[in-house]
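Here are my notes for you, set out as numbered points. I hope they are handy to keep beside the viewer while you look around.

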Amino acid sequence: RVHGEPTLLLCTMLAAYSRALARRPVLTKAATASLVFGAADWLAQSAERFLAAKAAAAGAGPGGAVAAAPMPYDWTRTGRMLVFGFCVTGPGVHSWYWAVERAFGPGRTAGVIAKKLVADTLVMAPLSIFTFFTGMGVLEGRSLEYIGAKLKVEMQPALLACWSVWPPVMAFSFRFVPVEYRTLFQNLVSVFWNGYLAFANATTEPDVKGKGNAPLPSGPVANR
């Protein structure tokens, strides 16, 4: 009985999600993506604050120097992630999956999955990363020059990381997950991926004068 309670709760939550999905599919997926992006940024900021505290402790040394104040949590940054997930990622991923289904059909043969995987890898992956860094720049109030420099610094490493993580995840999704639940599946898997993007966006700042990129002097700047 005790072991059955978590299963019952999970089934109840899934049933509620399915009902919401049937009534308002785009809104439901947008809200889910928003929550996932917020959780991802919380993870990223937790990692940043831990590393900052560790560095401060190491810098204090044995002489008993006064430690720096803990890095404050940036709620505004998390708010930007919530907005981006709701307005961009949720509706965008929903539209992408249905477009892929229309283009290649609902089949789950190896050939159909391979076509969907190639499209996702070569189109959706770079588009989502480009959209993330551009969207974050807009929400932060950055200039077009800054956003372009940020993309130049972050686009390639993020895309290479994406290609090393997402293809097996998406192959599983295209083979086993019904299309209406793929956005939810991707959102759950992408908590850590979005945390990586949030970390990458916050911990380096490009030099818009073309001298490279430098770490931020303190705190965050502000997310597939």
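How are H3 and H6 oriented to each other? H3 and H6 are oblique to each other, a word kept for angles that are not under 35 degrees (roughly parallel), over 145 (roughly antiparallel) or 65 to 115 (roughly perpendicular). The points below fill in the rest.

1. **What you are looking at.** This is a predicted model, in which local features need pLDDT of at least 70 and side-chain atom pairs count only at pLDDT 80 or more, while totals for chains, interfaces and linings use all residues. Residues are numbered from 1 along each chain as its sequence is written, and side-chain values use heavy atoms, with hydrogens and water left out.

2. **Overall make-up.** The protein has 6 helices and 2 strands; helices (H or I, at least four residues) and strands (E, at least two) are DSSP runs, numbered from the N terminus. Read from the N terminus, the order of elements is α-α-α-α-α-α-β-β.

3. **Burial and surface.** Of the 224 residues in the protein, 42% are buried. Here buried means under 20% relative accessible area, exposed means over 50%, and partly exposed lies in between (1.4 Å probe, protein chains only). The exposed area of the protein is about 12,200 Å², and carbon and sulfur atoms supply 71% of it; areas come from the Shrake-Rupley method with a 1.4 Å probe.

4. **H3 against H6.** Helix H3 (residues 75-104) packs with helix H6 (residues 182-203) at an angle of about 135 degrees, and their axes are 11 Å apart. Axes are lines fitted to C-alpha atoms, for helices over the stretch in contact, and angles run from 0 to 180 degrees between N-to-C directions. H3 passes H6 in a right-handed crossing, meaning that the near helix is turned clockwise from the far one by less than a right angle, whereas anticlockwise would be left-handed. On the H3 side, the residues that meet H6 include Arg-77, Met-81, Val-93 and Tyr-97; their counterparts in H6 include Arg-182, Gln-186, Asn-194 and Phe-199. Contact means heavy atoms within 4.5 Å. The residues of this contact divide into 6 nonpolar, 5 polar and 3 charged. For those classes, Ala, Val, Leu, Ile, Met, Phe, Trp, Tyr, Cys and Pro count as nonpolar, Asp, Glu, Lys and Arg as charged, and the others, Gly among them, as polar.

5. **H4 against H6.** Helix H4 (residues 110-139) also meets H6. Their axes come within 12 Å and cross at roughly 45 degrees, which makes H4 oblique to H6. H4 passes H6 in a right-handed crossing. Lys-116, Ile-129, Phe-132, Phe-133 and Met-136 are the H4 residues, and they meet Arg-182, Trp-193, Leu-197, Ala-198, Ala-200 and Asn-201 in H6. By class, this contact has 8 nonpolar, 1 polar and 2 charged residues.

6. **H3 against H4.** The axes of H3 and H4 come within 11 Å and cross at roughly 160 degrees, so H3 is roughly antiparallel to H4. H3 passes H4 in a right-handed crossing. Among the residues in H3 that take part are Phe-84, Val-88, Trp-96 and Phe-104, and H4 brings in residues including Val-112, Ala-119, Val-123 and Leu-139. This contact counts 15 nonpolar, 2 polar and 5 charged residues.

7. **Phe-86, worth a click.** Is Phe-86, which lies in helix H3, buried or partly exposed? Phe-86 is partly exposed, with a relative accessible area of 35%. Its C-alpha atom is separated by 4.4 Å from that of Ala-30, although the two residues are 56 apart along the chain. Setting aside neighbours within four places in sequence, Phe-86 is in contact with Leu-27, Ala-30, Ala-31, Ser-34 and Pro-91.

8. **Three more residues to look up.** Leu-117 is found in helix H4 and, beyond neighbours within four places in sequence, is in contact with Pro-167, Met-170, Ala-171 and Phe-174. Phe-185 is in helix H6; with the same neighbours left aside, Phe-185 is in contact with Val-169, Phe-172, Ser-173 and Val-177. The C-alpha atoms of Phe-185 and Ser-173 are separated by 7.6 Å. Gly-148, in helix H5 (residues 144-176), counts as partly exposed at 35% relative accessibility. Gly-148 and Thr-134 are 14 residues apart in sequence and 8.2 Å apart in space, C-alpha to C-alpha.
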